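Reader: I'd like a close look at just one part of this model. Could you walk me through the open sheet and whatever packs on it?

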Amino acid sequence: VTSDAAPLPICLANVIWSLGSTSTTEIWASDFDVKSEGGCGLDDLIFSFVDVDASNFPVTAETYDCSDLPNGQYVDLTISIYIVDESGRSSSCTSLLQLQDTQDLCPDLANMASVTGGVKTETNEPLEEIMVSLENMDTESSIMEMTNQNGGFSFENIAMGNNYNIKPTHDEDHLNGISTLDLVMLQRHILGLNYIDSPYKLIAGDIDNSGSISAIDLIQLRKLILGVYDELPENDSWIFVPSDHKFVDEFQPWDYPQYAHIDDMSEDMESNFVAVKVGDVNNSVDLNYGKSISSRSNTSVFLQTGNAKFVSNELIAVPLIIEKAQDIYGMQFSFDFDDTSMLFEGIDNGVIEVSQDNFSLSNKEDGVLTFSFADANGINIEGGQTLFTIYFESRGNVNLSNDIQINSSVTQA
């Protein structure tokens, strides 16, 4: 006797199940069966989580773990169970599975939130690969994230009810965006000729991190330009100010915080920062780290000497002569010379007064002099005038056309 009757499903309406000691558990489709019956006495039944038409039929068991618990505590899942007899006829029933973490093996995400934000310059340019730390002030623990190409960062699954500090840091590439033009702007600010008009630019101009702009800042910045410093001795390369910070006095912005604080976190939070490149008062920083870092004048400077060839023990005078009339506020460059045949002796002023603050001999063993000159009032120089003259003593045969060069080997020209 045969029958076309499908199995009669008799299933549990609700099943409560707990993860095991390994934070996993295996549940069988037959665990939901009460006493399902096959048609016409066909009781050799298959219990599956997928129907007979599925390519992976039968799925008689499923494994669950913490990833199935969105809150880390429990989850309610609607489960379909398919009952198939030996003739391939099937029917189904639906049960509610409550999966629980009764042994507290999974991370408790029920009271979790996120902290997101972004890091951009005053001109709204995003900064990538900036390290951002989230410090739990209660547990004294911290985690780190790097900003993405849009300057964004995100901390997920952060426990609520704690106090947090968010702080970006970046102390690399100190010279990026810095030139003698920044020195000129700082000089003019100090002398009252042209005040810096932005609190973030003022922060950038506080080179020694003293809470003011003074001659000390000019000295330290010039040493960085000249290559005396590889990095600023009293400040980081970048400073980050919470974007929601309100300056009491934008012309005296020195009380700024460098982190954002979250007190007793109770929801998702957002913290954004304004990135300030220390020393870059004119916002010329290169965020692509591969292009020219500042825009400078196309003024031509060339070398002229009465005798281009010398033998040993002769005094060599190298005047630097400007080609065309210019109003000059600042200039900078590196001067390379062959230190195996030339010994640096000194500098004699021309229309520009050069002091020891304007050049560096720190690289003289490599045959490099670095120059940086700035004048807050500007200097009018006529074409053909000598800026200053550099003196050497020849140690052997010297051909100036081969042995000297103005370039950007240390200080960007």
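**The open sheet and its surroundings**

Author: Sure, and keep in mind that this is a predicted model. Start with strand β21 and strand β22 (residues 368-381): they pair in the antiparallel sense, over two bridges. If you want a spot to click on, try F359, which stands opposite F371 in β22.

Now zoom out a bit. That pair belongs to an open sheet of four strands, with the order β21-β22-β19-β25 and antiparallel pairing. At the edges sit β21 (359-360) and β25 (404-407), each of which pairs on one side only.

Next, the helices. Helix α1 (residues 180-190) lies across two of these strands, β19 (326-337) and β22, and runs at about 40 degrees to β22. Helix α3 (residues 215-226) packs on the sheet as well, where it touches β19, β21 and β22. The direction of α3 makes about 130 degrees with that of β22. So if you're colouring by element, β19 and β22 are worth picking out, since α1 lies across both and α3 touches both.

While you have the viewer open, take a look at some other strand pairing, this time around β23. Strand β18 (residues 315-322) runs antiparallel to strand β23 (residues 386-394), and seven bridges join them. Within that pairing, L320 has F388 of β23 as its bridge partner. Strand β20 (residues 342-349) also pairs with β23 in the antiparallel sense, again over seven bridges. There you'll find F344 standing opposite F392 in β23.

Notes:
Residues numbered from 1 in each chain as written. Predicted model: local features only at pLDDT ≥ 70, side-chain atom pairs only at ≥ 80, totals over all residues. Heavy atoms only, no water. Pairing = 2+ DSSP bridges. Contact = heavy atoms within 4.5 Å. Axes fitted to C-alpha atoms, helices over the stretch in contact; angles between N-to-C directions.
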